[in-house]
Amino acid sequence: MADRGLEVVGVDPAGASLAVARGKPGAERVRWIHGTAESLPVLSVELAVMTANVAQVFLTDEDFVSTLRAIRRALAPHGLLVFEVRDPSRRAWLGWNREETFSSTSIDGVGDVEAWCDLLDVQGELVSFRWTHHFTGRGESATSDSTLRFRSRESVAACVGAAGFALQKVRGAPDRPGREMVFIVSAGTGRVP
Ligand SMILES: C[S@@+](CC[C@H](N)C(=O)[O-])C[C@H]1O[C@@H](n2cnc3c(N)ncnc32)[C@H](O)[C@@H]1O
């Protein structure tokens, strides 16, 4: 987007993720902010996107709605927010096991790195899993545990409405056909609740 001449702001609370992003070609044309959506400065953007299913990290309605409200505050009066979540009916977590997620990558200066995901727990809409990265040369492993919420379309729509957005459309993701629900919502002109 920055390459196409658009003014782009990127926000993420993970410093290591920002460091990777800052190393990419054209990154100097993006304004990077280390923080959450709630720490955004005053902006008036036409489009906000939450990519790679980040909307699923908000486990409670309270957290999800306050993040959505913060995004709405950063939008111009008729701005749009677009984000995707995995369709819970596809039960993606059934494939989150070592056999189906295993990969091995050779990295200069590091050696071979094996990576895989293990499902830890499923409690209603909450799915917990562990990613393991094994550095074969050093014989060391690093693990990262996460929980995601698989909300229904109605539950996402209710949170979007509670944040003052108007639901425009729910569609599929062309790159992941049948697996995702892409929400397109507009800020409207009302006051941010
Ligand atoms: C699956 S990654 C997607 C990263 C990036 N959006 C992409 O598409 O490559 C989810 C990201 O959301 C970030 N995140 C989690 N909570 C957040 C919040 N409240 N505000 C902004 N970003 C958040 C995480 O740090 C993580 O980098």
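**Strand pairing, helix packing and ligand surroundings in a predicted model**

Within strand β7, Phe129 is the bridge partner of Leu119. This pair belongs to the antiparallel pairing of strand β6 (residues 111–123) with strand β7 (residues 126–135), which extends over ten bridges. The structure described here is a predicted model, and the account proceeds from this pairing to the sheet that contains it, and then to the remainder of the chain.

Strand β7 also pairs with β8, again in the antiparallel sense and over ten bridges. In this second pairing, Arg130 has Asp145 of β8 as its bridge partner. The hairpin of β7 and β8 has four residues between the strands, and Gly139 takes a positive phi near 70° there. Together with β5, these strands form an open sheet of four strands in the order β5-β6-β7-β8, with antiparallel pairing. The edges of the sheet are occupied by β5 (103–107) and β8 (140–149); each has a single partner strand, so one side of each is left without a neighbour in the sheet. On average, and with direction ignored, neighbouring strands of this sheet are turned by 25° against each other.

A second open sheet is also made of four strands, in the order β3-β4-β10-β9, and its pairing is mixed. Here β3 (45–50) and β9 (166–171) stand at the edges, and because each has a single partner strand, one side of each lacks a neighbour in the sheet. The average turn between neighbouring strands of this sheet is 15°, direction ignored. In general, the strands of a sheet pair through backbone hydrogen bonds, in either a parallel or an antiparallel arrangement.

Both senses of pairing involve strand β4. With β3, the pairing is parallel and covers five bridges, and Met50 stands opposite Phe83 in β4. With strand β10 (residues 180–186), strand β4 (residues 75–86) runs antiparallel, and the two are joined by seven bridges. Val82 has Ile184 in β10 as its bridge partner. Helix α4 (residues 153–162) packs on the sheet and touches β4, β9 and β10, its direction making about 20° with that of β10. Helix α2 (residues 61–74) lies across β3 and β4 and runs at about 145° to β4. The elements β3, α2 and β4 make up a right-handed β-α-β unit.

A further parallel pairing is found between strand β1 (residues 8–12) and strand β2 (residues 30–34), over five bridges. Between these two strands the chain passes through helix α1 (residues 15–22), and this β-α-β crossover is right-handed. Asp12 has His34 in β2 as its bridge partner.

Taken as a whole, the chain contains four helices and ten strands, which follow one another along the sequence in the pattern β-α-β-β-α-β-α-β-β-β-β-α-β-β. Its C-alpha atoms fill a box of roughly 55 × 40 × 30 Å along the principal axes. The chain is divided into domain 1 (1–35) and domain 2 (99–147). The centres of domain 1 and domain 2, taken over C-alpha atoms, are separated by 26 Å.

The surroundings of the ligand were also examined. There are 13 residues around the ligand, of which Ala14, Thr36, Thr51, Ala52 and Val54 come nearest. By character, the residues of this shell divide into seven nonpolar, five polar and one charged.

Conventions:
Residues numbered from 1 in each chain as written. Predicted model: local features only at pLDDT ≥ 70, side-chain atom pairs only at ≥ 80, totals over all residues. Pairing = 2+ DSSP bridges. Right-handed = clockwise from strand over helix to strand, strands pointing away. Domains from an automatic or database assignment. Near = placed C-beta within 6 Å. Nonpolar A, V, L, I, M, F, W, Y, C, P; charged D, E, K, R; others polar. Axes fitted to C-alpha atoms, helices over the stretch in contact; angles between N-to-C directions. Contact = placed C-beta atoms within 7 Å.
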